[in-house]
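Biologist: I have not looked at this structure before. Could you take me through it, one question at a time?

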Amino acid sequence: MSLKRGREGRFVVFEGIDGSGTTTQCRMLSQRLRNAGRAFWTTSEPTGGPIGRVLRDILSGRLAAAPETVAYLFAADRSDHLLGAGGVIERLEAGELVVCDRYKHSSLAYQSVENDPLLVADLNRRFVDPDIVFFIDLPASVGDQRISGRPSREIYEKIAFQEQVRTRYLELLRDEARIHVEILDGTTPQAAIAEKVWLALHEASIL
Ligand code: TYD
């Protein structure tokens, strides 16, 4: 799934284990872009679309599905996110700045814990690469403390699972040759992380 030649848009993605603060960082970056008068579009996965809603039911435990089926569903939701009307591809081709809370590295990390990593890689191979991935790195124990105040837990929100997800993320992202990756210390204050994100986006000529 490639973009038409002449693509001018930029695709910025935040990744991390549960409780790492990807949503907070997306919000802080959005605020800063707004203050700077920059046009952008912010989005997230799983999406709010039909496949994303099924995924939310699976994540909450309301619906049951085999791990392999879940990997296919995340890939289908991603395809819809990219190719749907007003979706990521359309916006990148129109030259927009797209900021996304989780993308294909979430599948490569989370779904590979319970599936053959090669299957997950195959399902995600054709999806367009982001221009930059910010990985907010956090020990699973810290993430677990942060989500302990939430009213209910999702199926992946177990400390041993999250530790495996973190290991997988680090393996993938440390070796990532094609994509610009910034690994940020998620234990530092959110404002300090946001500042690093802002600087990195300028240094990478994304802003
Ligand atoms: P998220 O919305 O970030 O969590 P929250 O509901 O706490 O705000 O993500 C929901 C969960 O989905 C999270 O545990 C990560 C998981 N996930 C995958 O397992 N694979 C994927 O491809 C994506 C996008 C998310």
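Biologist: In which helix is Ser112 found?

Modeller: A word first on the source: this is a predicted model. Along the chain, Ser112 belongs to helix H5. That helix covers residues 104–114. The element asked for is H5.

Biologist: Is Ser112 buried or exposed?

Modeller: A residue counts as buried under 20% relative accessible area. Ser112 has 8% relative accessibility, so Ser112 is buried.

Biologist: Which backbone oxygen does the side chain of Ser112 reach?

Modeller: A polar contact needs a pair of N or O atoms within 3.5 Å. For the side chain of Ser112 the distance is 2.7 Å, and the partner is the backbone oxygen of Leu108.

Biologist: Where is Ser30, and which backbone oxygen does its side chain reach?

Modeller: Ser30 lies in helix H1, residues 22–35. With a relative accessible area of 4%, Ser30 is buried. At 2.7 Å, its side chain reaches the backbone oxygen of Cys26.

Biologist: Turning to the ligand, which helix supplies the largest share of the shell around it?

Modeller: Helix H2 (50–60), helix H3 (67–83) and helix H5 (104–114) each give at least two residues to the shell around the ligand. The largest share is four residues, and it comes from H5.

Biologist: How many residues of the shell around the ligand are charged?

Modeller: There are 16 residues around the ligand, and Arg78, Arg102, Ser107, Gln111 and Arg150 come nearest. By type, the shell holds five nonpolar and three polar residues, and the number of charged ones is eight.

Biologist: Which ligand atom does a polar side-chain atom of Gln111 lie 2.7 Å from?

Modeller: Two other residues place a polar side-chain atom by a ligand oxygen: Arg56 at 2.9 Å and Ser107 at 2.6 Å. For Gln111, the atom at 2.7 Å is a nitrogen of the ligand.

Biologist: What percentage of the ligand's accessible area does the protein cover?

Modeller: The ligand sits in the largest pocket. On its own, the ligand has 550 Å² of accessible area, and the part covered by the protein is 89%.

Biologist: Arg102 was listed by the ligand. Is Arg102 buried or exposed?

Modeller: Arg102 is placed in the loop between strand S3 (97–101) and H5. Its phi is near 75°, a positive value in a residue other than glycine. Its relative accessibility is 14%, so Arg102 counts as buried.

Biologist: And Ser205, is that residue buried or exposed?

Modeller: Ser205 is in the segment after helix H9 (190–203). Phi is positive for Ser205 too, near 60°. A relative accessible area over 50% counts as exposed. Ser205 has 54%, so Ser205 is exposed.

Biologist: Which peptide bond is cis, with omega near -5°?

Modeller: One end of that bond is Pro46, in the loop between strand S2 (41–44) and H2. Omega is near -5°, and the cis bond runs from Glu45 to Pro46.

Biologist: How far apart in space are Ala65 and Ile51?

Modeller: Ala65 is in the loop between H2 and H3. With a relative accessible area of 33%, Ala65 is partly exposed. Ala65 and Ile51 are 14 residues apart in sequence, and from C-alpha to C-alpha the distance is 13 Å.

Note on methods. Residues are numbered from 1 along each chain as its sequence is written. This is a predicted model: local features need pLDDT of at least 70, side-chain atom pairs count only at pLDDT 80 or more; totals for chains, interfaces and linings use all residues. Side-chain values use heavy atoms; hydrogens and water are left out. A residue is near a molecule or strand if one of its heavy atoms lies within 4 Å of it. A polar contact is a pair of N or O atoms within 3.5 Å; within protein, one must be able to donate a hydrogen and the other to accept it, and residues adjacent in sequence count only if both atoms are side-chain atoms. Accessible areas come from the Shrake-Rupley method with a 1.4 Å probe; for residues, only the protein chains shown count as cover. On a 1 Å grid over the protein atoms alone, a cavity is a set of points where a 1.4 Å probe fits but cannot get out, and a pocket is an open set with protein on both sides within 12 Å along at least five of seven lines; lining residues have an atom within 4 Å of a point. A molecule sits in a cavity or pocket if more than half of its atoms lie within 2 Å of its grid points. Ala, Val, Leu, Ile, Met, Phe, Trp, Tyr, Cys and Pro count as nonpolar, Asp, Glu, Lys and Arg as charged, and the others, Gly among them, as polar. Buried means under 20% relative accessible area, exposed over 50%, partly exposed in between (1.4 Å probe, protein chains only).
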